[in-house]
Amino acid sequence: MEIAYIQTPIGTAELKGDANGLASISVLNNEKPNGTIPEILQDAAQQFQEYFNGDRKVFDLKLNPSGTEFQKRVWDALLKIPFGKTISYLELSKQLGDVKAIRAVASANGKNPLWIVVPCHRVIGTNGDLTGYAGGLHRKKWLLEHESPAKQTTLF
């Protein structure tokens, strides 16, 4: 498994993957040196930087996350949430065919190993609240604002 560290506006991202695909992306609370990006992760690192620069809305990467079949179903559903849009955990549960599975869906969402690429940050509470995010709510808020079609501008 190869590892690369890249700096982002919301912290150092750690990318892990191999020839089978990208296995995990996480945000670290501690800075890590950029160093050399292994060839197998160069495309992922490039696409990640394009996302943060505002030049990419959809990722085109081979993914290889570890998880249960249910978790993978949830993660596949997350991939269908369009850039700049959000849905609730309840809506996601309905899409997966079982409104009663809301807690299991939320748990699978929280175990998503592919931060940003599989957009778990686009899932919010039914009342519109930003709820739970493994990377911290401040990062979830930043990501949603970054993807928002209506950018806040200064008045002065």
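At 29% relative accessibility, Thr131 comes out as partly exposed in this predicted model, because the partly exposed class runs from the 20% limit for buried to the 50% limit for exposed. The residue sits in the loop that links E5 and H5. Setting aside residues up to four places away in sequence, Thr131 touches Tyr89, Ile124, Gly125, Leu137 and Lys140. Tyr89 is a long way back along the chain, with the two positions 42 residues apart in sequence, yet the C-alpha atoms of Thr131 and Tyr89 are 9.7 Å apart in space.

Gly125 belongs to the loop between E5 and helix H5 (137-147). Here the label changes: Gly125 counts as buried because its relative accessibility is 10%, and the cut-off for buried is under 20%. Once residues up to four places away in sequence are left out, what remains for Gly125 is a set of touches to Ser88, Tyr89 and Thr131. Tyr89 therefore turns up again, being listed for Thr131 as well as for Gly125. In the other direction along the chain, Gly125 and Leu114 are 11 residues apart in sequence, and their C-alpha atoms are 21 Å apart.

Leu114 leads on to Asn112, as the backbone nitrogen of Leu114 lies 2.9 Å from a polar atom of the Asn112 side chain. Asn112 is found in the loop between helix H4 (102-110) and strand E5 (123-124). With a relative accessibility of 11%, Asn112 is classed as buried. Beyond its neighbours within four places in sequence, Asn112 is in contact with Trp75, Leu78, Val118 and Cys120.

The loop between H4 and E5 also holds Ile116. Is Ile116 buried or exposed? It is buried, at a relative accessible area of 2%. The backbone of Ile116 deserves a quick look too: phi is near 75 degrees, which is a positive value in a residue other than glycine.

Zooming out to the whole chain, the domain assignment gives domain 1 (2-53) and domain 2 (69-147). Taken over C-alpha atoms, the centres of domain 1 and domain 2 are separated by 21 Å. The contact draws 15 residues from domain 1 and 13 residues from domain 2. About 1200 Å² is buried between domain 1 and domain 2, and carbon and sulfur atoms give 70% of that area. On the domain 1 side, Ile10, Ile25 and Tyr51 lose the most area to domain 2, together accounting for 52% of what that side buries.

What about polar links across the interface? The rule finds 0 salt bridges between domain 1 and domain 2. Polar contacts do show up, though, with a count of 6 residue pairs between the two domains, both residues at pLDDT 80 or more. On the side of domain 1 that touches domain 2, the elements giving two or more residues are strand E3 (21-28) and helix H1 (42-53). E3 gives the most to that side, with 7 residues. By residue type, the side of domain 1 that touches domain 2 divides into 11 nonpolar, 4 polar and no charged. With no charged residue on that side, the 0 for salt bridges is no surprise, because a salt bridge here takes Lys or Arg paired with Asp or Glu.

Conventions: Residues numbered from 1 in each chain as written. Heavy atoms only, no water. Domains from an automatic or database assignment. Contact = heavy atoms within 4.5 Å. Buried area = accessible area lost by both parts, 1.4 Å probe. Salt bridge = Lys/Arg side-chain N within 4 Å of Asp/Glu carboxyl O. Polar contact = N/O pair within 3.5 Å; in protein donor to acceptor, adjacent residues only side chain to side chain. Helix = DSSP H or I, 4+ residues; strand = E, 2+ residues; numbered from the N terminus. Nonpolar A, V, L, I, M, F, W, Y, C, P; charged D, E, K, R; others polar. Buried < 20%, exposed > 50% of the residue type's maximum accessible area, 1.4 Å probe, protein only.
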